[in-house]
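Colleague: I would like to go through the labels attached to this model one at a time, and hear the reasoning behind each of them.

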Amino acid sequence: MSKVAKTTVILMGLTIFSKIIGLIRESVMAATYGTTMYKAVYDISNNIPVVIFAIIATAIATSYIPVYNKVYIHDGRDGALRFTNSIINIVITLCIILSILGIIFVRPIVRVFALGYTGESFELAVNFTRVLLPTIITVGVANILTSFLQVNDNFHIPALIGLPYNIIIITSILLSKHTSIYVLIIGTFIAISSKMVFMIPSSIKKGLRYKPRFDLKDEAIREVVVLVLPVLIGVGVQQINATVDKSLATTLGYNIVSSFGYGLKLYEFVQAIFIVNILSIVYPRLAQFTANDKMNEFKKSLKKTMNVVTVTLLPIVVGAAVLSIPVVRMLYQRKSFTPEDTIITANIMSIYVIGLLAFSLRDIVTRGFYSLHDSKTPMINSVIAVVCNITLNLLLIKPLGYKGLAISTTVSAFIGLILFIISIRKKIGDFGIRSFAKVGLSATISAGVMGVAVFFSFRLSSQALGISIFADMIGLIASVIVGAIVYAAMLYLLKVEELFEIIDILKK
């Protein structure tokens, strides 16, 4: 097994463990607060610091890896560490300033994020947001430390940062139920900060020593600034996209906002296990290929990553859409989470998950552009996709309600993917797009047949066992096994090479 494949498998295992704890966290939240006002306000308030103010830190962290590789080649490890210290200090300074401004102007900020909140819900959102705004400082540093560890071949620590976070949140949820809702917010503050703290020891082991260095005249810093501005706009418009979705959702009721939160957590669970892990490994490699002027290897790696992601994700997308109701019912439906909440959350999840493949492939291509030190093209394409999404939101929310918001996001994701593929082909020439299309078609046919098998498998199981958490669990396990066998058989019949690569990894 190659080093990359082995690292990916180990990383997926660690992430699955961490994300299972995250699903337990959401299950505890659903049982405790359901889709009530408290959950809806918590989702919006928790989202504000991450979406708006961490945009700069995310953009800098994204631009950091290709520049780090370049500095390492020319100035060695010491030069790369000096560069890292400068970036950390710049991020800390910017985030402190933004945190102070956010606290001062918190009321108009909350108004933008929560169009439908008034009275008690609005005041609660303002108070929650004030508590959470300073976390942007630790989020900013955590993003840089994550990139530093990844570029130095330490992937397992970033994959596990969700573990202390989730444990702290679960504890806070349970304590807040018997004390005050503010216990949950304070616990969330501690949990978010724990991500940075968790990575400090490993960063020190990799040679990082913090120094109050702040050299804006450094050529590498200037290069980051040049790269970061388009990335900032690209990341920013994507966050604006998410903000518009959630802000419009607040006009549809607390239960809709909460259901979007639960549905997105399931979507993010799949994305984190497969895409985030693959990107965290592939992106530094792509950056190294371009830094060393190895374009053939760059093209092969890009094509292979897109093919493997397509073959891996398509059955998950189809399976999640077909089994959305029993999945949501098993994970969430108890105590404060009602059968009606299950239907709404399942609808949101099934629509969003269809766009998962498009978002994931787009992220891979985006990292390809960043590796080529081109952040302008992804910015332009992202802006076009967001404009499409917002336009569709406004057109579909009235006739389709919350489903219209989810459909808009999914459709705009595929529009964005098409734009990105066209752009990368213009940039680097043919990188195997016919091979990618052939693999995609074969995987789609295989996933379609699998979806039919999964549907009838779960239906037969439900008829035999009835409806309960235990029955759903047995039915889902059986359906997944049937689906995996059918999907693998179809890929084998269609001679999809990526199947044999995946089997080889699993064997070893």
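Colleague: In this predicted model, Ser 479 is found in helix α19, residues 469-493; why is Ser 479 called buried?

Modeller: The relative accessible area of Ser 479 is 0%, and the word buried applies under 20%, so Ser 479 is buried. Leaving aside its neighbours within four places in sequence, Ser 479 is in contact with Leu 323, Val 454, Ser 457 and Phe 458.

Colleague: How do you know that Thr 345 counts as buried or exposed?

Modeller: Thr 345, which is found in helix α14 (residues 339-354), has 0% relative accessibility; since the cut-off for buried is under 20%, Thr 345 counts as buried. When neighbours within four places in sequence are left aside, the contacts of Thr 345 are Ser 259, Tyr 262, Gly 263, Val 328, Tyr 332 and Phe 337. As for Gly 263, the two residues are 82 residues apart in sequence, while their C-alpha atoms are 5.2 Å apart in space.

Colleague: And what makes Tyr 38 partly exposed?

Modeller: Tyr 38 has 32% relative accessibility, which lies between the limits of 20% and 50%, and therefore Tyr 38 counts as partly exposed. Its place is in helix α2, residues 37-53, and, apart from neighbours within four places in sequence, Tyr 38 is in contact with Tyr 33, Glu 120, Leu 124 and Ile 181. The C-alpha atoms of Tyr 38 and Ser 121 are separated by 8.0 Å, although these residues are 83 residues apart along the chain.

Colleague: Ser 121 is in α5; how do you know that the span of helix α5 agrees with its number of residues?

Modeller: Helix α5 (residues 119-132) has 14 residues and, at 1.5 Å a residue, should span 20 Å; its end C-alpha atoms are 20 Å apart, so the two values agree. The buried residues in α5 include Ser 121, Phe 122, Leu 124 and Ala 125.

Colleague: Why is α6 called roughly parallel to α9?

Modeller: Helix α6 (residues 135-151) and helix α9 (residues 181-205) pack at an angle of about 30 degrees, with their axes 9 Å apart. Because angles under 35 degrees count as roughly parallel, that makes α6 roughly parallel to α9. By class, the contact of α6 with α9 has 11 nonpolar, 6 polar and 1 charged residues. Among the residues that meet are Val 139, Leu 145 and Phe 148 in α6, and Phe 189, Lys 195 and Met 199 in α9. The crossing of α6 and α9 is left-handed.

How values were computed
Residues are numbered from 1 along each chain as its sequence is written. This is a predicted model: local features need pLDDT of at least 70, side-chain atom pairs count only at pLDDT 80 or more; totals for chains, interfaces and linings use all residues. Side-chain values use heavy atoms; hydrogens and water are left out. Axes are lines fitted to C-alpha atoms, for helices over the stretch in contact, and angles run from 0 to 180 degrees between N-to-C directions. Helices (H or I, at least four residues) and strands (E, at least two) are DSSP runs, numbered from the N terminus. Angles under 35 degrees count as roughly parallel, over 145 as roughly antiparallel, 65 to 115 as roughly perpendicular and the rest as oblique. A crossing is left-handed if the near helix is turned anticlockwise from the far one by less than a right angle, and right-handed if clockwise. Contact means heavy atoms within 4.5 Å. Ala, Val, Leu, Ile, Met, Phe, Trp, Tyr, Cys and Pro count as nonpolar, Asp, Glu, Lys and Arg as charged, and the others, Gly among them, as polar. The expected span of a helix is 1.5 Å times one less than its number of residues. Buried means under 20% relative accessible area, exposed over 50%, partly exposed in between (1.4 Å probe, protein chains only).
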